[in-house]
Structure formats: structure tokens, C-alpha cells
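Q: Could you take me through one part of this model up close? I'd like to hear how the helix in the middle of the chain sits among its neighbours, and which charged pairs are found elsewhere.

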Amino acid sequence: MDVALPAVYDTFDLPRTDLAARALRYAEETEPAVIFRHSVRSYLFARALAGHRGLEAGTDFDDELVFVSCVLHDLGLSEQGNGDQRFEVDGADLAARFLREHGTDEDSVTVVWDAIALHTSEGIASRKGPEIALAHAGISVDVLGYGKELLPDGFADRVHAAFPREDLAYTMTDMIVHQALANPAKAGPLGFPGQLLRRHLPPGTMPDWYDLIARSGWGDQPTPTDPAAAPAT
């Protein structure tokens, strides 16, 4: 069954498989508009970086899986995807459920789940399979500008004209913090959401690594040469 898509998507020749079209429509219907546009831009940047790296779709990576991973990677910031886990895992679980409902094989579901769950995991996602690494790279370009100098000249301007940013990085951060303030279970002190939440709480409210060590109950003592672990005076 074909899913009609707006003409703007023809400009960038997005994947036209049935699964890709359904994933795109699902993201557009489920995510806030600013997050949906970020998701599409992330794919476009991922594909451009693949070209820069000399990677060929269908030979070196599965373009459909990169696309689906990117357009669904922030489902955890939607109302439907907002559960009791960090938003990356909530989003990965919802994406996996969507894929299974549409008959996707389990190997592909695993790739997409990993890509979404690890998309904020610097130094890990880049070492996984090509679809996971490319999704991470595209997302990183769109949020933090990492690698934007590798994009073709004028490409980012074209992408932003078609899919405006609307202060994406700050808007997205506010969404993550809002979820975490409403449900602290979504923001453990050592994870990415917890790092964002820490700036929005009174100092000392959220434990850091050294606090967790001290509370472990094992009686471990800091080394004399570690000033960071010294008690505050």
C-alpha cells in the first residue's frame, strides 16, 4: 500500500520503500514538528557523510535502515513514546514495536533499536555497524555541528531551507529536561538526560560519580592524590 508524501521529499530523493514511507509518516504524525524535521535532516546529513566516506548504499550499508533509524530516533520525545526509561530507550522500544507491526525481520529491528538507543552514546555508536554509525553521525551533525565541514558546499543551507531548525538544539534539550523533571526515573545521574537535568536542579541535588561511590556501602576510600574525591571544606 502506497503512502503519499509531500512533494518536498522528492527534492532530496528520500527512500521510497513501503517501510520507509510508513516510518516517515509515523514520525510526522507522532513527533513534535521540530523533532520530525530534525529527524529528516539527520538522515540527509548521514547520507551525505556516507558519500564523503566513500560508502555506497546497498553495498556498504542498508539505506532503508539508516533512514528508518534516523526518522524514528527521537520517538522517545513524543507523547506516545514517553515512558519510564531514558528517552533514547523509550524511543528504541517504540520504534521496534512499530517495525514488528509492519513485519520487519528481527535482524533489522535489532539494528534500528541499537541505532536509536545508542544515538547519544559518543564513542560507542561510531564503533557499531555502518547503519548505526551513520545514523549517529548524521544526528551529531544536526544537533552539534560535528562534521558539518564535510558536507557538500551549500547542502546544509538547502536542507535547512526545506526543514527549518527552529532552534532545534535548545528546544530538544528543553523537552528532555521537561520529561526528566516530571519523571526522574528517566534521567539517571550518569546518563545523557541526567547530565542535562543536573543544570536545572539545586546544586548537590543529583549525585555525581563520586557521590555514588561514597554511597555504595563497600567502604572504598579515595586515593590521597585525587582532589576531586576530597570532601568539600
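A: Happy to. A residue is called buried here when its relative accessible area is under 20%. Keep in mind that this is a predicted model. By that cut-off, helix α3, residues 63–71, is mostly covered, with eight of its nine residues buried. The buried ones are D63, L65, V66, F67, V68, S69, C70 and V71. They pack against α1 (18–30), α2 (33–52), α4 (87–101), α5 (106–117) and α6 (130–144). At the N-terminal end of α3, D62 acts as a cap, with a side-chain oxygen 3.0 Å from the backbone nitrogen of E64.

Several of those neighbouring helices have details of their own. In α2 you will find H38, which counts as buried because its relative accessibility is 0%. Leaving aside residues up to four places away in sequence, H38 touches H73, D74, I139, D142, V143, L168 and M172.

D142 also forms a salt bridge with R41, at 2.8 Å from N to O. Since D142 lies in α6 and R41 in α2, the pair ties together parts that are 101 residues apart in sequence. Both D142 and R41 are buried.

For a contrast in setting, look at α1: D18 and R22 form a salt bridge there at 2.9 Å, N to O. These two are four residues apart in the helix, so about one helical turn separates them. D18 is partly exposed at 38% relative accessibility, and R22 is partly exposed at 22%. Across the whole structure, the search finds nine salt bridges.

Methods. Residues numbered from 1 in each chain as written. Predicted model: local features only at pLDDT ≥ 70, side-chain atom pairs only at ≥ 80, totals over all residues. Heavy atoms only, no water. Buried < 20%, exposed > 50% of the residue type's maximum accessible area, 1.4 Å probe, protein only. Contact = heavy atoms within 4.5 Å. Polar contact = N/O pair within 3.5 Å; in protein donor to acceptor, adjacent residues only side chain to side chain. Salt bridge = Lys/Arg side-chain N within 4 Å of Asp/Glu carboxyl O.
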